[in-house]
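This report is meant for someone meeting the structure for the first time. Please look over the sequence and the model below before reading on.

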Amino acid sequence: MLEKKLSKNGYKKIAMERIEVLLEESGKNLCDDIESSRRDIELAEAIAKRMDITLPAEIKRSYCKKCKTPYSHKTTVRLKNGISNIKCSHCGNIRRLPYRN
């Protein structure tokens, strides 16, 4: 039988759905198992890189770039002079992001 080939956009759509599922799972697993949360985020980044997908800013800003741990309720956020300082509760890395009033 002949199978229908997916277009590039079809593959990207499937990849983005998979990335969303992995990020939901990483948020759920944060309390139970930090290592599986990290692994889920690493897999999501690998899928995005392989399929040449740019992750939205809200997804990129939901985890630490250094240790790949999702931010939790213990994460410290400080706002000053148009810059938000986000300190990771796991590794202590500080991420500085601009914000508008």
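The buried residues of helix α1 are covered by parts of the chain that include α2 (34-50) and α3 (57-60). Those buried residues of α1 are Gly 10, Ala 15, Met 16, Ile 19, Leu 22, Leu 23 and Ser 26. The model is a predicted one, and the protein chain averages a pLDDT of 88, with 96% of the residues scoring at least 70. Among the elements of the chain, α1 has the lowest mean pLDDT, 89, whereas strand β2 has the highest, 94.

How far apart are the end C-alpha atoms of α1, given its 22 residues? At 1.5 Å a residue the helix should span 32 Å, and its end C-alpha atoms are 32 Å apart, so the expected span and the model agree. Within this helix, which covers residues 8-29, lies Asn 9. Asn 9 has a relative accessible area of 62%, and because the cut-off for exposed is over 50%, this residue counts as exposed. Although Asn 9 and Met 51 are 42 residues apart in sequence, their C-alpha atoms are 10.0 Å apart in space.

The strands can be followed through β2, which pairs with β1 on the one hand and with β3 on the other.

| Strand pair | Sense | Bridges | Residues between the strands |
|---|---|---|---|
| β1 (residues 76-80) and β2 | antiparallel | five bridges | two residues |
| β2 and β3 (residues 94-98) | antiparallel | five bridges | six residues |

Both pairs form hairpins. In the hairpin of β1 and β2, Asn 81 takes a positive phi near 50°, while in the turn between β2 and β3 a positive phi of about 85° is found at Gly 92. Asn 85 of β2 stands opposite Arg 78 and also opposite Arg 96 in β3.

Which side chains of β2 are buried, and which are not? The side chains alternate along the strand, with Ser 84 and Ile 86 pointing to one face and buried, while Ile 83, Asn 85 and Lys 87 point to the other face and are not buried.

Pro 98 has its place in strand β3, and with a relative accessible area of 60% this residue is exposed. Leaving aside neighbours within four places in sequence, Pro 98 is in contact with Gly 82 and Ile 83. Between the C-alpha atoms of Pro 98 and Gly 10, which are 88 residues apart along the chain, the separation is 34 Å.

How values were computed. Residues are numbered from 1 along each chain as its sequence is written. This is a predicted model: local features need pLDDT of at least 70, side-chain atom pairs count only at pLDDT 80 or more; totals for chains, interfaces and linings use all residues. Side-chain values use heavy atoms; hydrogens and water are left out. Helices (H or I, at least four residues) and strands (E, at least two) are DSSP runs, numbered from the N terminus. Buried means under 20% relative accessible area, exposed over 50%, partly exposed in between (1.4 Å probe, protein chains only). pLDDT is the predictor's confidence in each residue, from 0 to 100. Two strands pair if DSSP finds at least two bridges between them. The expected span of a helix is 1.5 Å times one less than its number of residues. Contact means heavy atoms within 4.5 Å.
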